[in-house]
Amino acid sequence: MAEENAGRTSGAVLVVGGGIAGIQSSLDLAESGFKVYLVEDSPAIGGTMAQLDKTFPTNDCAMCVISPKLVGCGRHLNIDLMTNTELVGIKGEAGNFTVTVKKRPRFVDAEKCTGCGACVQHCPVTKVIYPIELEEIELSRADLETVQGILDNHRDRAGKLMPVLQDVDRHYGYLPREVVRFVSRELKVRISDIYSIATFYNSFSLEPRGRHKISVCMGTTCYVKGAEKLMQRICEELETEPGGTTEDLRFTVEAARCIGCCSLAPAIMVNDRVYGRVKLNDIAGILEDYE
Ligand code: FES
């Protein structure tokens, strides 16, 4: 249907709002052969769903659901994306409307922009941040040297915030508050921007995590094969709860979505190692491997 009707139109439709509902409506209408004008007030489509981590009730990754639709909208020959655009007037009657829109400037050439971010490096306008004095940051000398070393490793790199956070997380097992403040100060990035990244990606933690991460697959196949009981047994053995970390910081237990070994269900992962067809009686032995 999509290929048949891409580029061929009969009638035009204006969709207001580029959230998931507007995106899906635009795709459906475009595939039915309508010319669609998708008007979105903000600079990008995606709406709230693009800011979510998981979706209810399936706990699916929100971006995994919406990303293909974003790309589909951007590429569909029958869809004209009008972002940064406001609907200011509408007149006419059912079947024959005329609308007036106001498009705000983007200050970049949208035809040429590839989203590489290189312009950020050369932008003369720096972000206003509230400077944190070094004395206000409670870091030991060793921590100061460690974090400074991480920053030095990425000194000449564009978009260094993400790799710096990854290295900090790898080193400490989480993102300590004072280190985040130091990184914010050194990279001149707002703390709130760092926390919005740290809380969006599952790979970051703001709390200390165990040295070994146990991921119990709760995907459909594992679930019907008893993953819930495995989770319960692991938590009992370690005296913690799903999402928790043992007091000795040895293990963190997390529920995971399908880890890609459904034929081995129920499956768990400890760090990077997969254990398949796990039985309740196997748990103690697996945990002992990580004493
Ligand atoms: S559902 Fe568990 S590995 Fe796929």
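## Salt bridges and backbone oddities

D53 and K54 pair up through their side chains in a salt bridge, with N and O 3.4 Å apart (the term means a side-chain nitrogen of Lys or Arg within 4 Å of a carboxyl oxygen of Asp or Glu). Before going on, note that this is a predicted model, so local features need pLDDT of at least 70 and side-chain atom pairs count only at pLDDT 80 or more, while totals for chains, interfaces and linings use all residues. Residues are numbered from 1 along each chain as its sequence is written, and side-chain values use heavy atoms, with hydrogens and water left out.

How many salt bridges does a search of the whole structure find? The count is 14. One of them joins D80 to K35, where the closest N and O atoms are 3.4 Å apart. That pair links distant parts of the chain: D80 sits in strand β5 and K35 in strand β2, 45 residues apart. (Helices, H or I with at least four residues, and strands, E with at least two, are DSSP runs numbered from the N terminus.)

Then there's R104 with E86, whose side chains meet in a salt bridge at 3.1 Å, N to O. R104 belongs to the loop between β7 (96-103) and α4 (118-122) and E86 to strand β6 (residues 85-93), so this pair ties together parts that are 18 residues apart in sequence. There's a third player too: salt bridges with shared partners join D41, E86 and R104 into one network.

Here is how those paired residues sit with respect to the surface. Buried means under 20% relative accessible area and exposed over 50%, with partly exposed in between (1.4 Å probe, protein chains only).

| Residue | Relative accessible area | Class |
|---|---|---|
| D53 | 30% | partly exposed |
| K54 | 27% | partly exposed |
| D80 | 32% | partly exposed |
| K35 | 17% | buried |
| R104 | 28% | partly exposed |
| E86 | 30% | partly exposed |

So in the D80 pairing, K35 counts as buried at 17%, whereas D80 is partly exposed at 32%.

D80 also turns up in a distance with G46: their C-alpha atoms are 15 Å apart, and the two are 34 residues apart along the chain. G46 lives in the loop between β2 (35-39) and β3 (54-55). Its relative accessible area is 0%, so G46 is buried.

Another buried loop residue is H76, at 11% relative accessible area. H76 is found between α3 (62-75) and β5 (79-82). What lies 3.1 Å from a polar atom of the H76 side chain? It's the backbone nitrogen of N78.

Now for the backbone. Which residues are joined by a cis peptide bond? A265 and P266 are, with omega about -5°. P266 is placed in the loop between β9 (251-256) and β10 (268-270).

Positive phi values show up as well. K188 isn't a glycine, yet its phi is near 55°. You'll find K188 in the loop between α7 (177-187) and α8 (191-200), and with 59% relative accessibility it counts as exposed. L249 also has phi near 55°, again a positive value in a residue other than glycine. L249 lies in the loop between α10 and β9, and it is partly exposed at 35%.

Methods. Polar contact = N/O pair within 3.5 Å; in protein donor to acceptor, adjacent residues only side chain to side chain.
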